[in-house]
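Me: I would like a close look at a single part of this protein. Please pick one strand, say what pairs with it, and then place it in the whole.

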Amino acid sequence: QEQLVESGGGLVQAGGSLRLSCTTSKRTLQRNSMGWFRQRPGKARELIATIGWNGPYYTESVRGRFNISLDNAKNTVYLDMNNLKPEDTAVYYCAAAPNKVTGTAASWGQGTQVTVSS
């Protein structure tokens, strides 16, 4: 398992923005696509964004509001979240080698709480 360290969660008002960061090793970034999952209260964990050799992917509920990016110099994956809504409240997880079909990943971050107030 690769180590993924997340930061950047917090409390924000609806319409606001947050940036999540996920720092890992250069080897992890070179060998894997990366992604972000979230788990909303009472719901299953869902894959919301990935970045890899075939470009970015976003689930419909975040497309146009969230942006996933990669800084190879800092070995960090970012998730920029804009126009946040109360339904975006969740624990967000960074993942290496996310699988859209199975909803699994090779490695996980520890999770960071995002709370959006109305």
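Reply: What follows starts with one strand and its partners and then turns to the protein around it. The model is a predicted one.

The part chosen is β3, which covers residues 18–23. β3 pairs with strand β1, residues 5–7, in the antiparallel sense, and three bridges link the two. One residue pair to look for is Ser7 with Ser21 in β3, its bridge partner. β3 also pairs with strand β8, residues 76–81. These two strands run antiparallel as well, joined by six bridges. Here Thr23 can be picked out, as its bridge partner in β8 is Thr76.

Now to the whole protein. It has 11 strands and one helix. Along the sequence the order is β-β-β-α-β-β-β-β-β-β-β-β. The radius of gyration is 13 Å, close to the 13 Å that the globule rule gives for 118 residues, so the protein is as compact as a globular protein of that length. Taken along the principal axes, the box filled by its C-alpha atoms is roughly 40 × 30 × 25 Å.

Contacts can be viewed by how far apart the residues sit in the sequence. Among contacts with a separation of 6 or more, 57% are between residues 24 or more positions apart.

Burial and surface come next. Of the 118 residues, 44% count as buried. The accessible surface is about 6200 Å², and carbon and sulfur atoms account for 47% of that surface. As for charge, there are 13 positive and 8 negative side chains, and the centres of the two sets are 3 Å apart.

Note on methods
Residues are numbered from 1 along each chain as its sequence is written. This is a predicted model: local features need pLDDT of at least 70, side-chain atom pairs count only at pLDDT 80 or more; totals for chains, interfaces and linings use all residues. Side-chain values use heavy atoms; hydrogens and water are left out. Helices (H or I, at least four residues) and strands (E, at least two) are DSSP runs, numbered from the N terminus. The radius of gyration is taken over C-alpha atoms; the globule rule is 2.2 Å times the number of residues to the power 0.38. Buried means under 20% relative accessible area, exposed over 50%, partly exposed in between (1.4 Å probe, protein chains only). Contact means heavy atoms within 4.5 Å. Accessible areas come from the Shrake-Rupley method with a 1.4 Å probe; for residues, only the protein chains shown count as cover. Lys and Arg count as positive and Asp and Glu as negative; His and the chain ends are not counted. The place of a charge is taken as NZ of Lys, CZ of Arg, CG of Asp or CD of Glu. Two strands pair if DSSP finds at least two bridges between them.
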